[in-house]
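Opened a fresh page for this one. I wanted to go through the sheet, the odd acid and the charge pairs, and jot down what I looked up.

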Amino acid sequence: MSNSTPLLLETIRIEGGVIHNLPYHQMRMSRSREHLFHTFSTIDLSAHLQAPDTQGVYRCRVLYGQEIEKVEYLPYTPKSINRLKIIASDIEYRYKYANRENFENLLKAYPDADDIIIEKNGLLTDTTIANIAFYKEGKWYTPKRPLLEGTMRAKFLDKGILHLKDISKTELNDYTHVALINAMIGFKILNKFTIE
(Lines give C-alpha, C1' and ligand atoms only; values in the text may rest on other atoms or scores of the structure.)
Protein backbone atom coordinates (compact mmCIF):
# COMPACT_ATOMS: atom_id res chain seq x y z
CA MET A 1 0.00 0.00 0.00
CA SER A 2 1.23 3.49 -0.81
CA ASN A 3 2.24 5.53 2.22
CA SER A 4 0.27 8.44 0.78
CA THR A 5 -2.98 6.47 0.89
CA PRO A 6 -4.71 6.89 4.25
CA LEU A 7 -6.08 3.90 6.10
CA LEU A 8 -9.79 3.20 6.13
CA LEU A 9 -11.84 2.02 9.08
CA GLU A 10 -14.79 -0.21 9.79
CA THR A 11 -16.30 0.07 13.27
CA ILE A 12 -18.33 -3.02 14.12
CA ARG A 13 -20.53 -3.69 17.16
CA ILE A 14 -19.92 -6.95 18.97
CA GLU A 15 -22.27 -7.79 21.82
CA GLY A 16 -22.25 -10.99 23.83
CA GLY A 17 -19.95 -12.55 21.27
CA VAL A 18 -22.28 -11.70 18.37
CA ILE A 19 -20.96 -9.64 15.43
CA HIS A 20 -23.61 -7.18 14.25
CA ASN A 21 -24.48 -6.03 10.72
CA LEU A 22 -21.53 -7.80 9.11
CA PRO A 23 -22.94 -7.96 5.53
CA TYR A 24 -23.18 -4.15 5.38
CA HIS A 25 -19.64 -3.69 6.70
CA GLN A 26 -18.41 -6.24 4.16
CA MET A 27 -20.21 -4.42 1.37
CA ARG A 28 -18.78 -1.01 2.29
CA MET A 29 -15.25 -2.34 2.73
CA SER A 30 -15.36 -4.09 -0.67
CA ARG A 31 -16.78 -0.99 -2.36
CA SER A 32 -14.19 1.32 -0.76
CA ARG A 33 -11.28 -0.94 -1.75
CA GLU A 34 -12.60 -1.17 -5.29
CA HIS A 35 -13.04 2.61 -5.67
CA LEU A 36 -9.84 3.72 -3.95
CA PHE A 37 -7.40 0.95 -4.83
CA HIS A 38 -9.03 -0.58 -7.93
CA THR A 39 -8.82 -3.86 -6.05
CA PHE A 40 -11.46 -6.37 -7.10
CA SER A 41 -10.29 -9.29 -4.95
CA THR A 42 -12.65 -9.67 -2.00
CA ILE A 43 -11.39 -9.89 1.55
CA ASP A 44 -13.69 -12.05 3.67
CA LEU A 45 -14.10 -9.78 6.66
CA SER A 46 -15.60 -12.51 8.84
CA ALA A 47 -12.41 -14.59 8.51
CA HIS A 48 -10.44 -11.80 10.21
CA LEU A 49 -12.78 -11.32 13.17
CA GLN A 50 -12.74 -13.22 16.43
CA ALA A 51 -15.48 -11.95 18.69
CA PRO A 52 -14.63 -11.64 22.39
CA ASP A 53 -16.70 -14.31 24.15
CA THR A 54 -17.62 -12.09 27.09
CA GLN A 55 -21.08 -10.60 27.61
CA GLY A 56 -20.04 -6.96 27.20
CA VAL A 57 -20.32 -4.66 24.21
CA TYR A 58 -17.16 -4.17 22.16
CA ARG A 59 -16.18 -1.77 19.42
CA CYS A 60 -14.25 -3.73 16.84
CA ARG A 61 -11.97 -1.47 14.77
CA VAL A 62 -10.79 -2.87 11.45
CA LEU A 63 -8.06 -0.76 9.86
CA TYR A 64 -7.47 -1.52 6.21
CA GLY A 65 -6.19 -0.37 2.84
CA GLN A 66 -5.64 -2.84 0.05
CA GLU A 67 -5.34 -5.42 2.84
CA ILE A 68 -6.45 -5.54 6.48
CA GLU A 69 -3.72 -3.92 8.58
CA LYS A 70 -5.07 -4.27 12.13
CA VAL A 71 -8.09 -5.52 14.08
CA GLU A 72 -8.70 -4.44 17.66
CA TYR A 73 -11.48 -4.92 20.20
CA LEU A 74 -12.25 -2.12 22.65
CA PRO A 75 -14.85 -2.17 25.45
CA TYR A 76 -17.59 0.25 24.43
CA THR A 77 -19.17 2.99 26.53
CA PRO A 78 -21.70 5.17 24.68
CA LYS A 79 -21.21 8.92 24.70
CA SER A 80 -24.06 10.97 26.16
CA ILE A 81 -25.35 13.39 23.51
CA ASN A 82 -27.92 16.04 24.39
CA ARG A 83 -26.57 19.29 22.95
CA LEU A 84 -26.06 19.52 19.19
CA LYS A 85 -24.71 22.50 17.30
CA ILE A 86 -25.08 23.11 13.55
CA ILE A 87 -21.83 24.25 11.93
CA ALA A 88 -21.19 24.95 8.25
CA SER A 89 -18.16 23.08 6.93
CA ASP A 90 -16.77 21.80 3.63
CA ILE A 91 -15.44 18.56 5.16
CA GLU A 92 -15.18 15.64 2.72
CA TYR A 93 -15.72 12.18 4.18
CA ARG A 94 -17.12 9.99 1.43
CA TYR A 95 -15.02 7.07 2.66
CA LYS A 96 -14.65 6.07 6.30
CA TYR A 97 -11.06 7.08 6.87
CA ALA A 98 -9.31 6.25 10.14
CA ASN A 99 -7.96 9.82 10.29
CA ARG A 100 -10.71 11.90 11.93
CA GLU A 101 -8.65 15.01 12.60
CA ASN A 102 -11.10 17.35 10.83
CA PHE A 103 -13.96 16.14 13.04
CA GLU A 104 -11.83 16.36 16.18
CA ASN A 105 -10.89 19.95 15.33
CA LEU A 106 -14.57 20.87 14.91
CA LEU A 107 -15.42 19.38 18.29
CA LYS A 108 -12.51 21.22 19.94
CA ALA A 109 -13.67 24.50 18.41
CA TYR A 110 -17.14 24.11 19.99
CA PRO A 111 -16.52 22.46 23.38
CA ASP A 112 -19.98 23.44 24.68
CA ALA A 113 -21.62 21.01 22.22
CA ASP A 114 -21.80 17.24 22.73
CA ASP A 115 -21.65 16.82 18.96
CA ILE A 116 -21.72 18.88 15.77
CA ILE A 117 -24.26 18.61 12.96
CA ILE A 118 -22.36 19.49 9.81
CA GLU A 119 -24.12 21.74 7.32
CA LYS A 120 -22.81 21.60 3.78
CA ASN A 121 -24.05 23.67 0.85
CA GLY A 122 -27.01 24.79 2.96
CA LEU A 123 -28.11 21.24 3.84
CA LEU A 124 -27.68 19.13 6.94
CA THR A 125 -25.47 16.05 6.52
CA ASP A 126 -24.22 14.07 9.57
CA THR A 127 -22.85 14.59 13.04
CA THR A 128 -19.17 13.88 13.63
CA ILE A 129 -19.99 10.32 14.79
CA ALA A 130 -23.33 9.41 13.26
CA ASN A 131 -25.84 9.75 10.48
CA ILE A 132 -28.96 11.62 11.54
CA ALA A 133 -32.69 11.27 11.04
CA PHE A 134 -35.62 13.57 11.74
CA TYR A 135 -39.24 12.57 12.34
CA LYS A 136 -42.44 14.17 11.13
CA GLU A 137 -45.92 13.00 10.18
CA GLY A 138 -45.23 9.34 10.85
CA LYS A 139 -41.95 9.02 8.93
CA TRP A 140 -38.24 9.21 9.64
CA TYR A 141 -36.18 11.21 7.13
CA THR A 142 -32.41 11.14 6.72
CA PRO A 143 -30.36 13.59 4.64
CA LYS A 144 -30.18 12.57 1.01
CA ARG A 145 -26.55 13.69 0.80
CA PRO A 146 -24.72 12.57 3.95
CA LEU A 147 -20.99 12.96 4.46
CA LEU A 148 -20.75 9.18 4.84
CA GLU A 149 -23.17 6.47 3.81
CA GLY A 150 -23.21 4.56 7.09
CA THR A 151 -23.84 0.84 7.38
CA MET A 152 -26.81 1.17 9.77
CA ARG A 153 -28.25 3.97 7.63
CA ALA A 154 -28.05 1.62 4.63
CA LYS A 155 -29.78 -1.15 6.60
CA PHE A 156 -32.64 1.10 7.74
CA LEU A 157 -33.07 2.48 4.22
CA ASP A 158 -33.29 -1.08 2.87
CA LYS A 159 -35.92 -1.89 5.50
CA GLY A 160 -37.98 1.16 4.56
CA ILE A 161 -37.62 2.68 8.04
CA LEU A 162 -35.73 5.71 6.66
CA HIS A 163 -36.65 7.96 3.75
CA LEU A 164 -34.24 10.22 1.86
CA LYS A 165 -34.79 13.98 1.89
CA ASP A 166 -32.83 17.22 1.59
CA ILE A 167 -33.13 18.89 5.00
CA SER A 168 -32.07 22.44 5.84
CA LYS A 169 -31.76 23.93 9.31
CA THR A 170 -34.61 26.35 8.54
CA GLU A 171 -36.94 23.34 8.30
CA LEU A 172 -36.02 21.80 11.65
CA ASN A 173 -39.12 23.18 13.39
CA ASP A 174 -41.18 20.95 11.05
CA TYR A 175 -39.73 17.86 12.78
CA THR A 176 -40.60 16.56 16.24
CA HIS A 177 -37.82 14.03 16.96
CA VAL A 178 -34.18 13.44 16.09
CA ALA A 179 -32.23 10.18 16.02
CA LEU A 180 -28.56 9.35 15.68
CA ILE A 181 -27.58 6.29 13.65
CA ASN A 182 -24.29 4.41 13.63
CA ALA A 183 -22.91 0.90 13.97
CA MET A 184 -22.43 1.16 17.73
CA ILE A 185 -25.67 2.84 18.85
CA GLY A 186 -28.00 1.52 16.16
CA PHE A 187 -31.00 3.85 15.85
CA LYS A 188 -30.92 6.07 18.94
CA ILE A 189 -33.80 8.50 19.40
CA LEU A 190 -32.69 11.42 21.57
CA ASN A 191 -35.17 12.05 24.37
CA LYS A 192 -33.66 15.28 25.68
CA PHE A 193 -31.79 17.42 23.22
CA THR A 194 -31.19 20.93 21.98
CA ILE A 195 -30.05 21.95 18.50
CA GLU A 196 -28.42 25.34 18.10
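Below are my entries, in the order I made them; the model is a predicted one.

**Sheet and helix.** I started with the strand order. Four strands make up an open sheet, running β2-β1-β3-β4 with antiparallel pairing. At the edges I found β2 (18–19) and β4 (68–75), each of which pairs on one side only. Next I checked how β1 (residues 8–15) is held to β3 (residues 57–64): eight bridges join the two antiparallel strands. For a register marker I noted L8, which sits opposite Y64 in β3. Then I looked at helix α1 (residues 22–37), which lies across β1, β2 and β3 and runs at about 175° to β1.

**D115.** Which residue has the nearest side chain of opposite charge to D115? I got K79, at 5.2 Å; D115 is buried and has no salt bridge. The cut-off is 4 Å from nitrogen to carboxyl oxygen, so a pair at that distance does not count. What the D115 side chain does have is a polar contact with the side chain of T128, at 2.5 Å. D115 belongs to strand β6 (residues 115–120). Beyond its sequence neighbours within four places, I listed its contacts, among them I81, R83, K85 and L107.

**Salt bridges.** I counted ten in total, and wrote down three of them.

- K70 and E72 meet at 3.7 Å, N to O. K70 is partly exposed, at 45% relative accessibility, while E72 is buried, at 19%.
- E196 and K85 meet at 3.5 Å, N to O. E196 is in the segment after β13 (194–195) and K85 is in strand β5 (residues 83–88), so this pair ties together parts 111 residues apart in sequence. I have E196 down as partly exposed, at 38%.
- R145 and D166 meet at 2.6 Å, N to O. R145 is in the loop between β9 (139–143) and α3 (151–158), and D166 is in the loop between β10 (162–165) and β11 (177–182), so to speak a link across 21 residues. D166 comes out partly exposed, at 25% relative accessibility.

I also traced the shared partners: R83, K85, D112 and E196 are joined into one network of salt bridges.

**K188.** Last entry. Buried or exposed, or in between, for K188? It counts as partly exposed, because its relative accessibility is 38%. K188 lies in strand β12 (residues 186–189), and, leaving aside neighbours within four places, touches V178, A179 and L180. I also took the C-alpha separation from K188 to I132: 9.5 Å, with their positions 56 residues apart along the chain.

Conventions
Residues are numbered from 1 along each chain as its sequence is written. This is a predicted model: local features need pLDDT of at least 70, side-chain atom pairs count only at pLDDT 80 or more; totals for chains, interfaces and linings use all residues. Side-chain values use heavy atoms; hydrogens and water are left out. Buried means under 20% relative accessible area, exposed over 50%, partly exposed in between (1.4 Å probe, protein chains only). Lys and Arg count as positive and Asp and Glu as negative; His and the chain ends are not counted. A polar contact is a pair of N or O atoms within 3.5 Å; within protein, one must be able to donate a hydrogen and the other to accept it, and residues adjacent in sequence count only if both atoms are side-chain atoms. Contact means heavy atoms within 4.5 Å. Two strands pair if DSSP finds at least two bridges between them. Axes are lines fitted to C-alpha atoms, for helices over the stretch in contact, and angles run from 0 to 180 degrees between N-to-C directions.
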